[in-house]
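Here is a short tour for someone who has not met this structure before. Keep the 3D view open as you read, and look up each residue as it comes along.

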Amino acid sequence: MLAVHLAGTIAAICAQHGAAAGMLYRFRPKVRDLEAKDRQELANRVLLFLWPSAMVVLSVLFLYRRAEAFFDHEVRWAKHQGPVTVGEWAGRFMVAFNLYELGIYAVYGKGLAFWLHHIVAVYIGLQWLILRTGTFWGCIVLLIEATTPCLVGTRLMKDGGWTHEPLYKLAVSVFWIFWLVVRITALALGLCLFCHDVFKGLVPQHVSWHFVLSNGLSVLGLFVLSCVWFVSITRIFCEVMFGTGKKRRQ
C-alpha cells in the first residue's frame with residue numbers, strides 16, 4: 001500500500017508540474033526564451049509553495065493530536081497500527097516529492113549536495129514509513145519545510161527585481177524568523193528530547209539502534225548545516241533591512 005500511495009502521489013506531483021510548466025510557457029512570454037532546465041526549475045518552484053506547505057500542515061496537525069508525546073516517551077516511539085496517520089501522510093508527501101525532484105534533475109542535472117540531501121531524505125523517510133515508528137520525530141523535522149515557500153518567494157522576488165519593494169523586506173523578515181524558529185529552535189529542542197530518550201535508556205526495545213543512529217545523526221547534520229547557513233541568512237537579512245554590508249544588487 002505504501003508503494004501505491006507513493007506512486008499515486010508522484011503521479012499527481014508530475015501532473016501538477018506539467019500543468020505549471022504549460023501555464024508559465026503560455027502566460028509568461030519571457031519563459032519561452034529560457035533553456036529547458038530553467039523552465040523546469042521555474043515550474044518546480046511553483047510546486048515548492050504547495051507540497052512543503054502541505055507537509056508542514058499535516059505535521060502540525062499530527063503533533064497537535066499527539067501532544068502527549070512531548071511528555072511521554074512511549075508515545076514518541078510508538079509503533080502505529082491501523083489506518084495511516086496524518087503524520088505518516090506528511091512523510092509520504094516528503095518521500096514522493098524528493099523522488100519527483102530526483103527524477104527531474106536526473107534529466108537536467110544538479111550538484112552533488114542536492115543528490116546527497118535527497119537520497120538521505122528518501123532513505124530516512126522510507127525507514128520511518130515502512131517501520132511505522134518514530135512518526136513524532138519525523139514530524140518535528142518536517143516543520144523545517146516551513147522555510148521552503150519563504151525561500152522560494154524571496155528568490156522569485158529577487159529574480160524579478162523587486163528587492164527595493166517593502167514586500168521584499170517583509171518576505172526576507174518572515175524567512176529569517178521562520179528559519180530561526182523551525183530550523184534552529186525547534187530542531188535544537190527536538191534533538192535535546194531525542195538525546196534525553198537515548199541517554200536515559202527510554203528507547204523501546206522494538207526500535208533498532210540502526211534506526212536511532214541513522215535518524216539521530218542525519219538530524220544532527222541538518223541542524224549543524226542550518227546553523228551554518230543561518231550566518232549567511234542573517235547577513236542578507238541585515239543588508240536588506242538595515243542597508244549594512246555590501247550594497248544590494250540594483
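## S214 and its partners

The side chains of S214 and Q127 are joined by a polar contact of 3.0 Å. Keep in mind that you are looking at a predicted model. S214 belongs to helix α9, and with a relative accessibility of 15% S214 counts as buried, because the cut-off for buried is under 20%. Setting aside residues up to four places away in sequence, S214 touches I124 and Q127.

The side chain of S214 has another polar link too: one of its polar atoms lies 2.8 Å from the backbone oxygen of H210. For a feel of distances here, try S214 and E239: they are 25 residues apart in sequence, and their C-alpha atoms are 38 Å apart in space.

## S226, also in helix α9

Stay with helix α9 and you will come to S226. Is S226 buried or exposed? S226 comes out at 0% relative accessibility, so it counts as buried. A polar atom of the S226 side chain sits 2.9 Å from the backbone oxygen of L222.

Once neighbours within four places in sequence are left out, S226 is in contact with W179, R183, I184 and L187. Two of these residues also have business with each other: R183 lies over the face of W179, 4.5 Å from the ring centre. There is a similar arrangement to look up at W89, where R92 lies over the ring face at 5.5 Å from the ring centre.

## Two salt bridges

Side chains of opposite charge can pair when their charged atoms come close. How many salt bridges does this model have? The count comes to 2.

One of them links R76 and D197, with the closest N and O atoms 2.7 Å apart. R76 is in helix α3 (residues 73-76) and D197 is in helix α8, so this pair ties together parts that lie 121 residues apart in sequence. R76 is buried, at a relative accessible area of 4%, and D197 counts as buried as well, at 0% relative accessibility.

R132 and E88 also meet through their side chains in a salt bridge, at 2.8 Å from N to O. R132 lies in the loop between α5 and α6 while E88 lies in helix α4, so the pair ties together parts 44 residues apart in sequence. Both R132 and E88 are buried, and for R132 the relative accessible area is 17%. R132 has a backbone quirk as well: its phi is positive, at about 55°, although R132 is not a glycine.

## The nonpolar cores

Which residues touch the most other members of the largest nonpolar core? Among its 46 residues, that would be W77 and F97. The elements that give two or more residues to this core are α1 (2-27), α2 (36-65), α4 (86-108), α5 (112-131), α6 (135-142), α8 (166-199) and α9 (209-242). Helix α4 gives the most, with 11 residues.

W77 is worth a closer look. Leaving out its neighbours within four places in sequence, W77 has contacts that include T133, W137, F194, L202, P204, H206 and F211. D197, the salt-bridge partner of R76, is also in contact with W77.

Apart from this core lies another one, with 19 residues. I144, C150, W179 and I184 are among its members. You have met W179 and I184 already, as contacts of S226.

## Aromatic rings

How many aromatic pairs does a search of the whole structure find? There are 15. Take Y105 and F114 as an example: their ring centres are 5.2 Å apart and their planes are at 75°, so this pair is edge-to-face. Y105 is buried at 3% relative accessibility, and F114 is buried with a relative accessible area of 13%.

W77 turns up here again, in one aromatic cluster with F70, F136, W137 and F194. Within that cluster, W137 and F194 are also on the list of residues in contact with W77.

How values were computed:
Residues are numbered from 1 along each chain as its sequence is written. This is a predicted model: local features need pLDDT of at least 70, side-chain atom pairs count only at pLDDT 80 or more; totals for chains, interfaces and linings use all residues. Side-chain values use heavy atoms; hydrogens and water are left out. A nonpolar core is a set of buried Ala, Val, Leu, Ile, Met, Phe, Trp, Tyr and Cys residues joined through side-chain atoms within 4.5 Å. Buried means under 20% relative accessible area, exposed over 50%, partly exposed in between (1.4 Å probe, protein chains only). Helices (H or I, at least four residues) and strands (E, at least two) are DSSP runs, numbered from the N terminus. Contact means heavy atoms within 4.5 Å. A polar contact is a pair of N or O atoms within 3.5 Å; within protein, one must be able to donate a hydrogen and the other to accept it, and residues adjacent in sequence count only if both atoms are side-chain atoms. Rings of Phe, Tyr and Trp (its six-membered ring) pair if their centres lie within 6.5 Å; planes under 30 degrees apart count as stacked, over 60 as edge-to-face and the rest as tilted. A charge sits over a ring if NZ of Lys or CZ of Arg is within 6 Å of the ring centre and within 35 degrees of the ring normal. A salt bridge is a side-chain nitrogen of Lys or Arg within 4 Å of a carboxyl oxygen of Asp or Glu.
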